[in-house]
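Please open the model in your viewer and keep the sequence panel beside it. The stops below are meant to be followed in order, with a new selection at each one.

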Amino acid sequence: MIIGGTRIRLEARLTSPRWLVVVVPVFSVLFALVVGGVFLLFTGHPPIRTYRDLLDNGYTSFYGLTDTLGLATPLICTGLAAAFAFRMNLYNIGQEGQLYLGMVGGAWAGIALAPHLNQFIAVPVVLVAGALFGAFWVLVPALLRARMGTSEIVSTLLLNYVALNLINYFIYGSRGFFRDPTTPFPQGRLIDESARFDSFGTTNTYPTLIISILLAVFLFWFVRRSNYGYETSVFADSPQAARYAGMNSIWLTTSVLLISGALAGLGGAMYVVGPAGKVDPGLLQTGLGYAGIVVAALARYNFVAVIITAVLFAGLRVGGSALQASSDPVPIAIAVVLQGAVLLFALGGEIFRRNRVVVTRVVQTAKVEA
Amino acid sequence: MNSNVWLLTFADAISIATTLILASLGAMITERSGVINLGVEGYLLMGAVTAFVIGDSTGQLWLALGSAIIVGAAMALVHATLTVTLRANQIVSGLAMVIFGTGLSQFIGKPIEGKSRPVIIEKIDFGVLSDLPIIGPVIFGHDPITYATWLLALVISLYLHRTRPGLILRATGDAPATVDAQGVSVKRIRYVHTVAGGALMGLGGGWYMFARAAAWNQSATTNGIGWIALALVVFASWRPLRAIAGAVLFGFCLQVPFTLQGQQINILPSEIVSMFPYLMTLAVLVGLSTPRARRLLGAPKMLGQPFVRDER
């Protein structure tokens, strides 16, 4: 491209400098705030004040920050779920449904099993049940992808709508197992006390946050240091090379998707163990599954970075809810607009990581005067 | 229950198929050029909310639909810039557009939630023909956009298979290097068809708002129709005319839960019946994954692959 005597061209980089890994996401967020600001301006909300309120309510006040950390807990899980699958070019976008199923699985274990269990293993059992239900929800797409090559993208996504209807059925459509029998008001049946965590003090942060963080660190270590992690990395770079080296692609594809589903399901179970304590349709409003994809992409599928991006995005959501409830209500959807915009800019910014922008002066041959 | 109800369901299916056809035609020409656009759901939502807002403030139906088209094209332009020029991951870019479109449509749609439609698309009055039994409601009971959509499918089909630009388009999806060697710009073809595809998706959303949706609903205006349209592209094996038949079939599945509800038939809870279209779509995808079906499908060979000349 030539503009006014200078030529701008992109040159592939062999290695990308470390600072760009930070600079690109930071600028993506800044640009997204500008885009969001334009829409705020058009709808009559002063952007600067709105953003200051967002910052206050989502991050810098004590209860804002602890609410954010509480919401980030399951979001880290869905982010890890997306990162784990996406880094292997397996696009599981069914975290939303797997999260719901994790909630169902967790609630089932909390109601049916927890009363018979020792207090110390009740919570782990609920979490594991959630993970298993999440994995179960991705089982069919995983097998189809591994065995027949059916695109996992559309199949996992379609199951989100099935899961959504399933939750509605459990709470509104039936008087079954998951519904509170003591009230005609449609709501979930509470799980056993022994299977619940207390929050830290008066905050909305639960000890499950520590589990999420440890899990992210573990995965970071696991894919770099384990044999299995190495195989997934090879498979991600070149499926042909992986097959040539004797790796079992059917097993790798299936297991990666199942683990991804389990991670998202675990997030749903954490919601049960923590704030909800039951199958709660409130989870359907949070969009944590879809946000997990954004969180993972912004973290460039780095598991530890997912922690940071998850907290950032949870803060948007928490701050957004506060804005909606304020005297000058801003629709909470602004949080989702910002998420989408951040992701779009981060994607565009990738080119600067992979390429160097070279600007050279073009010596133009002077036109001969007549 | 009488057979008339099912006839009306079928007529409704043909009507709802319009959005599915428009969206899948859009996705189809995009994919034929080698670009995947997974953002359909986001385009439909943005098209719907734009059409509503413009229709509400001006009362002009065609202006509203035109704005929906422009918004769809603009979103697709962003997608094309990211994926063709900046070579970003097409799948993630499409998903980003779904998230962005969902968020922005809900942001814009907040003040109009629950408001009734400002304008509606009138059905064409064919006089005597509309009163004919069976074919009256099924064939002569629709609005102009529906008929235009059928015509459009035919035109795109002819364009793809009977014209030189159509040949180049198909070649771009199958063998971009060859197209490039012919001296034709792969980038330009991908840009043009991605943007045109987005415009069709936007129109699909706008039409849906005025013809099918009762009002703007924050959480369930399009209800996953965009994703069903993507499955429909595979079902129609990237051929426009087959998309019509497929869309009617999928449309029927979308319509059945409403019919059962309207008839007070409660064999199954409504939530379970509502899963039906998605499960059916999934079943169709599975059926199309058998090796035999795969051979017959003929997906664009370089679908989703960015084209970089230097690497050749």
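Begin by selecting Tyr301(A), which sits in the loop between helix H11 (288–298) and helix H12 (303–325) of chain A. In this predicted model, the backbone of Tyr301(A) has a positive phi of about 60 degrees, although the residue is not a glycine. Is Tyr301(A) buried or exposed? Tyr301(A) counts as buried, because 20 other C-beta atoms lie within 10 Å, and 20 is the number at which a residue is called buried.

Next, select Ser237(B), in the loop between H10 and helix H11 (240–262) of chain B. Here too phi is positive in a residue other than glycine, with a value near 45 degrees. Ser237(B) has 16 other C-beta atoms within 10 Å and is therefore partly exposed.

Now widen the selection to the whole of chain A, where you can trace 13 helices and 3 strands. Its radius of gyration is 23 Å, close to the 21 Å that the globule rule gives for 370 residues, so chain A is as compact as a globular protein of that length. Along the principal axes, the C-alpha atoms of chain A fill a box of roughly 95 × 60 × 35 Å. Of its 370 residues, 52% count as buried, and among the contacts between residues at least 6 apart in sequence, 78% join residues at least 24 apart.

For the interior, select Leu80(A), Val126(A), Val306(A), Leu20(B) and Leu232(B), the residues that touch the most other members of the largest nonpolar core, which has 209 residues. The largest share of this core, 15 residues, is supplied by helix H10 (residues 249–276) of chain A. Centre the view on Val126(A) and, leaving aside residues up to four places away in sequence, look for what it touches: Gly106(A), Ala109(A), Gly110(A), Ala114(A), Ala195(A), Ala269(A), Val272(A) and Val273(A). A second, separate core of 6 residues can be picked out through Leu169(B), Ala171(B), Val186(B) and Phe307(B), which are among its members.

Move on to the contact between the chains, which takes 38 residues from chain B and 37 residues from chain A. On the side of chain B that touches chain A, at least two residues each come from H3, helix H4 (90–109), helix H10 (225–235) and helix H12 (270–287) of chain B. Which of the helices gives the largest share of that side? H4(B) does, with 12 residues. Coloured by residue class, this side of chain B divides into 24 nonpolar, 11 polar and 3 charged residues.

Then select helix H2 (residues 40–58) and helix H3 (residues 61–85) of chain B, which pack at an angle of about 145 degrees with their axes 8 Å apart, in a right-handed crossing. The residues that make the contact include Tyr43(B), Met46(B) and Gly47(B) of H2(B) and Leu61(B), Leu63(B) and Ala64(B) of H3(B). By class, the residues of this contact are 11 nonpolar, 6 polar and no charged.

Stay on helix H3 of chain B for the last stop, Ala73(B). Ala73(B) is buried, with 20 other C-beta atoms within 10 Å. Not counting residues up to four places away in sequence, Ala73(B) touches Val195(B), Gly198(B), Ala199(B) and Gly202(B). A distance drawn from Ala73(B) to Ser24(B), 49 residues apart along the chain, should read 15 Å between the C-alpha atoms.

Terms used. Residues numbered from 1 in each chain as written. Chains lettered and ligands numbered in written order. Predicted model: local features only at pLDDT ≥ 70, side-chain atom pairs only at ≥ 80, totals over all residues. Helix = DSSP H or I, 4+ residues; strand = E, 2+ residues; numbered from the N terminus. Rg over C-alpha atoms; globule rule 2.2 N^0.38 Å. Buried ≥ 20, exposed ≤ 12 C-beta atoms within 10 Å, placed from the backbone. Contact = placed C-beta atoms within 7 Å. Axes fitted to C-alpha atoms, helices over the stretch in contact; angles between N-to-C directions. Left-handed = near helix turned anticlockwise from the far one by under 90°. Nonpolar A, V, L, I, M, F, W, Y, C, P; charged D, E, K, R; others polar. Core = buried A, V, L, I, M, F, W, Y, C linked by C-beta atoms within 7 Å.
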